[in-house]
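Me: Could you walk me through this structure, one question at a time?
Reply: Gladly, let's take a look together.

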Amino acid sequence: MKIDSELIAQVKRYIFVGLASALIELVFFVLLNTGFAMDVRFANPIAITCSTAVNFTLNRNYSFKSTAKPYRSALLYILLFLFNQVFSTSLIYMLALQGVLPVIAKTISMACIVAWNFVLYRKVIFT
């Protein structure tokens, strides 16, 4: 079985960009939730928003080297962003109500989003 070297390189770039974005998002989330005692329903959307512009730009230009129409990609990215934000905030809130630490709940939601985002970025958003 032949391994697609470009796919592997793309996955590596995606992981690098994702880790940088996740770090930005997590730092803002912890700062807002812990440092400023902000409710997770507000801290999470703000944290996600802070990392979004960086993530879109780096994924478009670096990870996927997209030549797709920027407006189309941006619109699809925003729609996915909105879905991810609702999913993430709802999951964190529900898990926190069950006694899960918000930072653990946040990490769980981020893992889910990372998995489906790669496929959607590669097959839909940046094509």
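**A buried asparagine and its surroundings**

Me: Leaving aside its neighbours within four places in sequence, which residues is Asn84 in contact with?
Reply: Happy to start there, with the reminder that this is a predicted model. Asn84 is found in helix α3, which covers residues 70-97. Once the neighbours within four places in sequence are set aside, the residues in contact with Asn84 are Ile113, Trp116 and Asn117.

Me: Is Asn84 buried or exposed?
Reply: The cut-off for buried is under 20% relative accessible area. Asn84 has 7% relative accessibility, so this residue counts as buried.

Me: Which side chain makes a polar contact with the side chain of Asn84?
Reply: The contacts of Asn84, outside its neighbours within four places in sequence, include Asn117. The two side chains make a polar contact at 3.1 Å, so to speak a handshake, and the partner of Asn84 is Asn117.

Me: What covers the buried residues of α3?
Reply: The buried residues of α3 include Tyr77, Leu80, Phe81, Asn84 and Leu91. What covers the buried residues of this helix includes α2 (40-63) and α4.

Me: How does the reach of α3 from its first C-alpha to its last fit what is expected, and what is that reach?
Reply: α3 has 28 residues, and 40 Å is expected at 1.5 Å a residue. The reach in the model is close to that value, at 40 Å.

Me: How far apart are the end C-alpha atoms of helix α1?
Reply: Helix α1 runs over residues 5-35, which is 31 residues. At 1.5 Å a residue these should span 45 Å. The separation of the end C-alpha atoms agrees with this, at 43 Å.

Me: Which helices do the buried residues of α1 pack against?
Reply: Among the buried residues of α1 are Tyr14, Val17, Phe29 and Leu32. Polar and charged residues are listed as buried there too, including Gln10, Arg13 and Glu25. The buried residues of α1 pack against α2 and α4.

Me: Which residue just after α1 takes a positive phi?
Reply: At the start of α1, a side-chain oxygen of Asp4 reaches to within 3.1 Å of the backbone nitrogen of Glu6. Just after α1, a positive phi of about 55 degrees is taken by Ala37.

Me: Which helix gives the largest share of the nonpolar patch?
Reply: The patch on the surface is formed by Val30, Leu101, Val103, Ile104 and Ile108, with about 390 Å² of accessible area together. Ile104 counts as partly exposed, at 44% relative accessibility. The largest share, 3 residues, comes from helix α4.

Key. Residues numbered from 1 in each chain as written. Predicted model: local features only at pLDDT ≥ 70, side-chain atom pairs only at ≥ 80, totals over all residues. Heavy atoms only, no water. Helix = DSSP H or I, 4+ residues; strand = E, 2+ residues; numbered from the N terminus. Buried < 20%, exposed > 50% of the residue type's maximum accessible area, 1.4 Å probe, protein only. Polar contact = N/O pair within 3.5 Å; in protein donor to acceptor, adjacent residues only side chain to side chain. Contact = heavy atoms within 4.5 Å. Patch = residues over 30% accessible without salt bridge, like charges linked within 9 Å, V, L, I, M, F, W, Y side chains within 5 Å. Areas by Shrake-Rupley, 256 points an atom, 1.4 Å probe, with all protein chains shown as cover. Salt bridge = Lys/Arg side-chain N within 4 Å of Asp/Glu carboxyl O. Expected span 1.5 Å × (residues − 1).
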